[in-house]
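Visitor: Could you take me through one part of this protein up close, and then show me how the parts around it are arranged? I work at the bench, so plain language suits me well.

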Amino acid sequence: MTNKKKWNEYLWGWALVAPTIIGLMVLNIIPIFQTLKMSFFKSGDFGQNDIFIGFDNYKRLIQDQQVWQATWNTLKYTLLVVPLTLVLALVLATLLNSRIKGKHIYRTIFFLPMVAAPAAVTMVWKWLYNTDFGLINFLLHKIGLPGINWIENPAIALYSIAVIGIWSTVGYSMILILAGLQEIPKDFYESATIDGASATKQFFSITLPLISPTLFFVVVTSIIQAMQVFDAIYLMESITSPAYNKTVSLVYLFYNNSFKYADQGYGSTIVMLLLFIILIITLIQMKVQKKWVHYN
């Protein structure tokens, strides 16, 4: 009876996790190996009869200055978006976890950009950034300042796109951190208050350590998401834009090579580079997390 009961538990367990495992295999694992295989081929005419070329795509990638510029653009975008998003989300979550009137409305407002379609969000920001009739330049003119070419100036275009990234994702990170804050027992703060600890001391001694697992999850997922940036850059910057080389990301470069230039082999090689970078960054985070993440 005991063995039969265990087998029933095993079968139920596998049945419950099977949809997730199948989804991961079909949507993630299998495409990775297909992409790796494609990176060793050159696309044939009309997408037929791919030609095996070994490591030629990787040799080309190493010598391609545009790829390394796109790598730097992607890393720079990530460095701009992730830390600022994390800080803003932490501040907002802390404020909305306190006794503020109408905090449920504020939570909804901050989360709305995450629900909106990325294309719609980017088009609104493109209008705001418009040099001639955009709202931002209109307000600058009103206070006597000259307008700025937010989209086509290579020096600031990536910063303009980073603002969109922060605005779009801060609500999602805020909700996750807020969930972590609400799991902290109130007794800890009451004891600290009795002992005379200030609000700042409580934040750094109680709040941050106890939500560090949540912060770790937010950091890891935010970096992965930022490294895959495409929508905002694709809709804001065309290939003919003066700021294209300073804003093009690895995913945008993959899209151009795979679909515009019909070179799926080289596009797959770019994706493998991106995957390698994300894996390295994630492994580093896994090692470093032992020094600042507290699970007890």
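Guide: Happy to! Let's start at alanine 262, which is partly exposed because its relative accessible area is 47%, between the 20% under which a residue counts as buried and the 50% over which it counts as exposed. Please keep in mind that this is a predicted model. Alanine 262 sits in the loop between α12 (250-260) and α13. Its backbone deserves a look too: phi of alanine 262 is near 55°, a positive value in a residue other than glycine. Most residues other than glycine have a negative phi.

From that loop we can step into helix α13, which covers residues 264-288. Its axis and that of helix α9 (residues 199-227) come within 10 Å and cross at roughly 165°. An angle over 145 degrees counts as roughly antiparallel, and α9 and α13 are therefore roughly antiparallel to each other. As for handedness, α9 passes α13 in a right-handed crossing.

Another helix pair to look at is α3 (residues 65-96) with α7 (residues 157-181). Here the axes come within 6 Å and cross at roughly 40°. That angle makes α3 oblique to α7. The crossing of α3 and α7 is right-handed. If you sort the residues of the contact of α3 with α7 by chemistry, you get 21 nonpolar, six polar and one charged.

Now for a single helix, α5, made up of residues 118-129. At 1.5 Å a residue, its twelve residues should span 16 Å, and the end C-alpha atoms are 16 Å apart, so the expected span and the model agree. The buried residues of α5 are Val121, Thr122, Trp125, Leu128 and Tyr129. These residues cover an arc of only 115° around the axis, which puts them on the same side of α5.

Finally, let's step back to the whole chain. The chain has 13 helices and two strands. Its C-alpha trace spans about 80 × 75 × 30 Å along the principal axes. Of the 296 residues in the chain, 36% count as buried. Alanine 262, where we began, is partly exposed, while Trp125 of α5 is one of the buried residues of that helix.

Conventions: Residues numbered from 1 in each chain as written. Predicted model: local features only at pLDDT ≥ 70, side-chain atom pairs only at ≥ 80, totals over all residues. Heavy atoms only, no water. Axes fitted to C-alpha atoms, helices over the stretch in contact; angles between N-to-C directions. Helix = DSSP H or I, 4+ residues; strand = E, 2+ residues; numbered from the N terminus. Parallel < 35°, antiparallel > 145°, perpendicular 65-115°, else oblique. Left-handed = near helix turned anticlockwise from the far one by under 90°. Nonpolar A, V, L, I, M, F, W, Y, C, P; charged D, E, K, R; others polar. Expected span 1.5 Å × (residues − 1). Buried < 20%, exposed > 50% of the residue type's maximum accessible area, 1.4 Å probe, protein only. Arc of directions from axis to C-beta.
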